[in-house]
Amino acid sequence: MIKLQLAAFTLYSGNDQVLAQFYAKLLNSKVEYQGDFFSYVHVPDSDFYLNFMMDKTYQPPTGNLTPGQQHPMGTLDFIVDDLAQAVA
């Protein structure tokens with residue numbers, strides 16, 4: 001059987017560099033690469049990367065499912081060992 005491992009997830013944004021900095025801080029990591037339209041962050045203690053791609057036409061999703069508006073395309077879920085400390 002072929003070994004398959006998820007290596008990265010790409011998020012599109014109006015500003016890839018700002019989003020990469022946000023996730024780097026959240027994950028206690030650093031931005032490994034930052035270019036004109038693409039950045040990525042290594043997720044600590046893993047072989048996984050979060051990629052961030054600039055899209056000049058990006059429209060943030062709305063909270064409700066309004067026809068003709070951008071809808072959320074996915075979520076990133078994190079597990080923390082101390083929620084109170086994580087949000088402090």
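User: How much area does the chain expose, and what percentage of it do carbon and sulfur atoms supply?
Analyst: In this predicted model, the chain of 88 residues has 18% of them counted as buried. The area that the chain exposes comes to about 7200 Å². Of that exposed area, the share supplied by carbon and sulfur atoms is 56%.

User: In what order do the elements of the chain run from the N terminus on?
Analyst: The chain holds two helices and four strands, and its C-alpha atoms fill a box of roughly 40 × 35 × 35 Å along the principal axes. Read from the N terminus on, the order of these elements is β-α-β-β-β-α.

User: How far apart do the centres of the positive and negative side chains lie?
Analyst: The chain carries 4 positive side chains and 9 negative ones. When the centre of each of these two sets is taken, the separation between the centres is 6 Å.

User: Which element gives the most residues to the lining of the largest pocket?
Analyst: The largest pocket holds about 410 Å³ of space, and the elements that give two or more residues to its lining are strand E1 (8-13) and helix H1 (16-26). The lining has 15 residues in total, and those nearest the centre of the pocket are Leu11, Tyr12, Tyr58, Met73 and Gly74. With four residues in the lining, the element that gives the most is E1.

User: Is serine 39 buried or exposed?
Analyst: Serine 39 sits in strand E3, and, leaving aside residues up to four places away in sequence, it touches a set of residues including Asp16, Ala20, Tyr33, Leu50 and Phe52. The C-alpha atoms of serine 39 and valine 18 are separated by 9.5 Å, although the two residues are 21 residues apart along the chain. Because the relative accessibility of serine 39 is 0%, and the cut-off for this class is under 20%, serine 39 counts as buried.

User: How does phenylalanine 22 count in terms of accessibility, and what is its relative value?
Analyst: Phenylalanine 22 belongs to helix H1, and its C-alpha atom lies 10.0 Å from that of valine 41, a residue 19 places away in sequence. Since the exposed class begins over 50%, phenylalanine 22 counts as partly exposed, with a relative accessibility of 49%.

User: Which residue in the loop between H1 and strand E2 (31-34) has a positive phi although it is not a glycine?
Analyst: The residue in question has a relative accessible area of 71% and is therefore exposed. Its phi is about 55 degrees, a positive value in a residue that is not a glycine. The residue in the loop between H1 and strand E2 (31-34) is asparagine 28.

User: What is the relative accessible area of aspartate 45?
Analyst: Aspartate 45 lies in the loop that joins strand E3 (38-42) and strand E4 (49-54). Although aspartate 45 is not a glycine, its phi is positive, at about 60 degrees. Aspartate 45 is exposed, because its relative accessible area is 85%.

User: What distance separates the C-alpha atoms of alanine 86 and leucine 26?
Analyst: Alanine 86 has its place in helix H2, which covers residues 83-87, and with a relative accessible area of 47% it is partly exposed. Along the chain, alanine 86 and leucine 26 are 60 residues apart. In space, the distance between their C-alpha atoms is 9.1 Å.

Terms used
Residues numbered from 1 in each chain as written. Predicted model: local features only at pLDDT ≥ 70, side-chain atom pairs only at ≥ 80, totals over all residues. Heavy atoms only, no water. Buried < 20%, exposed > 50% of the residue type's maximum accessible area, 1.4 Å probe, protein only. Areas by Shrake-Rupley, 256 points an atom, 1.4 Å probe, with all protein chains shown as cover. Lys, Arg positive; Asp, Glu negative; His and termini not counted. Charge placed at Lys NZ, Arg CZ, Asp CG, Glu CD. 1 Å grid on protein atoms, 1.4 Å probe; cavity = no way out; pocket = protein on both sides within 12 Å on 5 of 7 lines; lining within 4 Å. Points joined across faces, edges and corners; volume = space filled by probe spheres on them. Contact = heavy atoms within 4.5 Å.
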